[in-house]
Amino acid sequence: MKIARKPGTLYCVARTAALSSHANRIRTPSRTETQEERNYMSEPHVVIITGGGQGIGFGIAEVFADHAATIVIADLDQTRADEAAHKLKQQGATDAIGLTCDVANRASVDAMVAVVVERFARVDVLINNAGICPFEHIMEMSAETFQRTIDVNLTGGFHCTQAVAKHMIERGQGGTVVFITSLADHRTGPSQVDYCASKAGAFGCMTGFAVALGPHNINCVGVAPGHVNTPMTEHWWGSDAGKAKIPEIIPMNRLAQPRDIGEACYFAASTGRYCNGITIRVDGGNAAQA
Ligand SMILES: NC(=O)c1ccc[n+]([C@@H]2O[C@H](COP(=O)([O-])OP(=O)(O)OC[C@H]3O[C@@H](n4cnc5c(N)ncnc54)[C@H](O)[C@@H]3O)[C@@H](O)[C@H]2O)c1
């Protein structure tokens, strides 16, 4: 069952039924568009989501799959990537594959992008989502742990964006790059100093790429989730103390679902493509609260 909210936007109510017909999922313009507009606003076809094997990345994958995109799950964990791709296909995705990739390793990133370009001949959207948060007090943290967080959360986004953007520029059809940052791109506590530094760096990286890639019709945005219940954070949100905190810190009185983050990413990659160099906060009002 599908509910059409407005021309070109379909709202999936019963996922399996809603995904049965491809044609209905393709955006229908409400008026005749120019070729230039079509190039600029065309539906994302091939989407790479790093760290898409679980949590937020998988929620993002589900949203793009609902819009008929082909999904590439690029995850450090091959089994997780394969299972996620399999699940997406069971849910009706056009196509989905799982690839092993360590975003902190340039050779691994280049190999992953080469496989995608070879197989699909295009990449429309890159979601830099892979991330880690060791939650260790800064005075006890080893230099290696600090460095690994920077390598994955910050340098990983640099590697992936540079590799994918080279292909996007060569293809000449534009694209979108999303950096999944965090409210911790500007505030933190003693057990997330490495994480905050990496996310603040990712914000800077995103704005620099936005300026460099804008002339190629590639927009870059940050999407900053607030609190999302995922394997990364379930040790806290699953606890009684965590649950009790929710109404206190989140005006909307609930944690975000991974799909909430996916909707912001999809907006940035479709009708919101003129957004460039900005961060969209998806936090239920958490950061707005005094
Ligand atoms: N959960 C939250 O509340 C929250 C809030 C703000 C931002 N974020 C950010 O959202 C992103 C996803 O977080 P999550 O909560 O879904 O985490 P998660 O731990 O549940 O999932 C992360 C995924 O990334 C993969 N991964 C880890 N290192 C990798 C690497 N080097 N290369 C490729 N893949 C790698 C893991 O295998 C895993 O599948 C992260 O960037 C995180 O910092 C999360």
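**Exercise 1. Which residue in β6 is the bridge partner of isoleucine 48?** Place the two strands in their sheet.

*Solution.* The model is a predicted one.
Step 1. The bridge partner of isoleucine 48 in β6 is leucine 126.
Step 2. Isoleucine 48 falls in strand β3, residues 46-50, and this strand pairs with β6 in the parallel sense over three bridges.
Step 3. β3 also pairs with β4, again in the parallel sense, over five bridges. Here valine 47 has isoleucine 71 of β4 as its bridge partner.
Step 4. These strands belong to an open sheet of seven strands with parallel pairing, in the order β5-β4-β3-β6-β7-β8-β9. At the edges are β5 (95-100) and β9 (279-282), each of which pairs on one side only. From one strand to the next the twist averages 20°.

**Exercise 2. Determine whether strand β4 (residues 70-75) is enclosed or open to the outside.**

*Solution.*
Step 1. In a regular strand, side chains alternate between the two faces of the sheet.
Step 2. On one side of β4 are Thr70, Val72 and Ala74, and on the other are Ile71, Ile73 and Asp75.
Step 3. Every one of these residues is buried, and both faces of the strand are covered. The criterion for a buried residue is 20 or more other C-beta atoms within 10 Å of its own.
Step 4. Six of the six residues of β4 are buried, so the strand is largely enclosed by the rest of the structure.

**Exercise 3. Check the length of helix α7 (residues 193-213) and state what it packs against.**

*Solution.*
Step 1. The helix has 21 residues; at 1.5 Å a residue it should span 30 Å.
Step 2. Its end C-alpha atoms lie 30 Å apart, which agrees with the expected span.
Step 3. α7 packs on the sheet and touches β7, β8 and β9. The direction of α7 makes about 160° with that of β8.
Step 4. Buried residues of α7 include Tyr195, Cys196, Lys199, Ala202, Cys205, Met206, Phe209 and Leu213. Among the elements that cover the buried residues of α7 are α6 (143-171), β7 (175-180) and β8 (218-225).
Step 5. An α-helix has 3.6 residues a turn, so residues three or four places apart point the same way.

**Exercise 4. Where do alanine 121 and asparagine 253 lie, and are they buried or exposed?**

*Solution.*
Step 1. Most residues other than glycine have a negative phi.
Step 2. Alanine 121 has a positive phi, near 65°. For asparagine 253 the value is also positive, about 60°.
Step 3. Alanine 121 sits in the loop between α5 (106-120) and β6 (125-128). The loop that holds asparagine 253 runs between α9 (240-249) and α10 (258-269).
Step 4. A residue counts as exposed when 12 or fewer other C-beta atoms lie within 10 Å of its own. Alanine 121 has 11, so it is exposed. Asparagine 253 has 11 and is therefore exposed.

**Exercise 5. Describe the shell around the ligand.**

*Solution.*
Step 1. The ligand is surrounded by 31 residues, of which Gly51, Gly55, Gly131, Thr230 and Met232 are the closest.
Step 2. Two or more residues come from each of α3 (55-66) and α6. α3 gives the most, with three residues.
Step 3. By class, the shell has 14 nonpolar, 13 polar and four charged residues.

Methods:
Residues numbered from 1 in each chain as written. Predicted model: local features only at pLDDT ≥ 70, side-chain atom pairs only at ≥ 80, totals over all residues. Helix = DSSP H or I, 4+ residues; strand = E, 2+ residues; numbered from the N terminus. Expected span 1.5 Å × (residues − 1). Contact = placed C-beta atoms within 7 Å. Pairing = 2+ DSSP bridges. Axes fitted to C-alpha atoms, helices over the stretch in contact; angles between N-to-C directions. Near = placed C-beta within 6 Å. Nonpolar A, V, L, I, M, F, W, Y, C, P; charged D, E, K, R; others polar.
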